[in-house]
Amino acid sequence: MPFHKNEMCGMVSLCEGLNHLQFYTPVPLVSVQVDVKVVNFTALVEVTQEFVNKERNPIECVYFFPVEEEAAVVDFTAELEGRKIKTQIKEKEAAREEYNQAVQNRQTAFLLEETKPDIFEIKVGHLSPGAGCKIKMTYLSELP
């Protein structure tokens, strides 16, 4: 489902409208924190964003986060319904299969993938009504 270039960030949920047309709707952002440490000509950037499901039903969310093409993501953590999930590197197909199985079982799951050279996509499976989701991504970037 295409986004316009200026809409390609933040957390959205996939909804279905009339005639089974699918569209994205934003998930409310409730807080943002950015911490930056600069050493020599390198910046360590830590971005923390918190979202809340204001819907009456559980939703599957997708989080898009642009990172400079030359930057390297070095850490990712998600907190959801009292659980903290830290990244674990797996083969793409195995990770997708595990994620899909968890969503099918109505369990909470995360799947982080680089969809383009500068866009990361994080799928958040089964965000309960009223539940919050805190995402923290850390990356290194060389300064000009």
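This is a friendly chat about a predicted model and what can be read from its atoms.

User: Hi! What kind of model is this, and how are residues numbered?
Analyst: It is a predicted model, where local features need pLDDT of at least 70, side-chain atom pairs count only at pLDDT 80 or more, and totals for chains, interfaces and linings use all residues. Residues are numbered from 1 along each chain as its sequence is written, and side-chain values use heavy atoms, leaving out hydrogens and water.

User: Cool. Which residues touch the most other members of the largest nonpolar core?
Analyst: Those are Met11, Ile122, Val124 and Cys133, in a core of 25 residues. A nonpolar core here is a set of buried Ala, Val, Leu, Ile, Met, Phe, Trp, Tyr and Cys residues joined through side-chain atoms within 4.5 Å. Buried means under 20% relative accessible area, exposed over 50%, and partly exposed in between, with a 1.4 Å probe and protein chains only.

User: And which strands supply at least two residues each?
Analyst: β4 (42-52), β5 (59-66), β6 (72-80), β9 (119-127) and β10 (132-142) do. Strands (E, at least two residues) and helices (H or I, at least four) are DSSP runs, numbered from the N terminus. Apart from this core lies another one, of 5 residues, including Ala95, Tyr99, Ala102 and Leu111.

User: Back to Cys133. What is it in contact with?
Analyst: Leaving aside neighbours within four places in sequence, Cys133 contacts Met11, Gln49, Glu50, Phe51, Glu79, Leu80, Phe110, Val124 and Leu127. Contact means heavy atoms within 4.5 Å.

User: How many disulfides does the structure hold?
Analyst: It holds 0 disulfides, a disulfide being a pair of cysteine sulfur atoms within 2.5 Å.

User: Why is there no bond from Cys61 to the closest cysteine sulfur?
Analyst: Because that sulfur, in Cys133, is 7.1 Å from the one in Cys61, which is too far for a bond. Cys61 is buried, at 0% relative accessibility, and Cys133 is also buried, at 0%.

User: New topic: how many salt bridges does a search of the whole structure find?
Analyst: The search finds 1 salt bridge, meaning a side-chain nitrogen of Lys or Arg within 4 Å of a carboxyl oxygen of Asp or Glu. The side chains of Glu93 and Arg96 form it, at 3.1 Å from N to O.

User: Where do those two lie?
Analyst: Both Glu93 and Arg96 are in helix α1 (residues 92-104), 3 residues apart, or about one turn of the helix. Glu93 is exposed at 54% relative accessibility, while Arg96 is partly exposed at 29%.

User: What about Glu121, is it buried or exposed?
Analyst: Glu121 counts as buried, at 14% relative accessibility. Its place is in strand β9. Not counting residues up to four places away in sequence, Glu121 touches Val62, Tyr63, Phe64, Leu111, Leu112, Glu113 and Thr115.

User: Which residues form the nonpolar patch on the surface?
Analyst: Leu29, Val32, Val34, Val36, Val38, Phe41 and Leu143 form it, with about 630 Å² of accessible area together. Patches are made of residues with over 30% relative accessible area and no salt bridge, with like charges joined within 9 Å and nonpolar side chains (Val, Leu, Ile, Met, Phe, Trp, Tyr) within 5 Å. Accessible areas come from the Shrake-Rupley method with a 1.4 Å probe; for residues, only the protein chains shown count as cover.

User: Where is Phe41?
Analyst: Phe41 sits in the loop between β3 (29-39) and β4, and is exposed with a relative accessible area of 57%. Asn40 is in the loop between β3 and β4, and its phi is near 55°, a positive value in a residue other than glycine.
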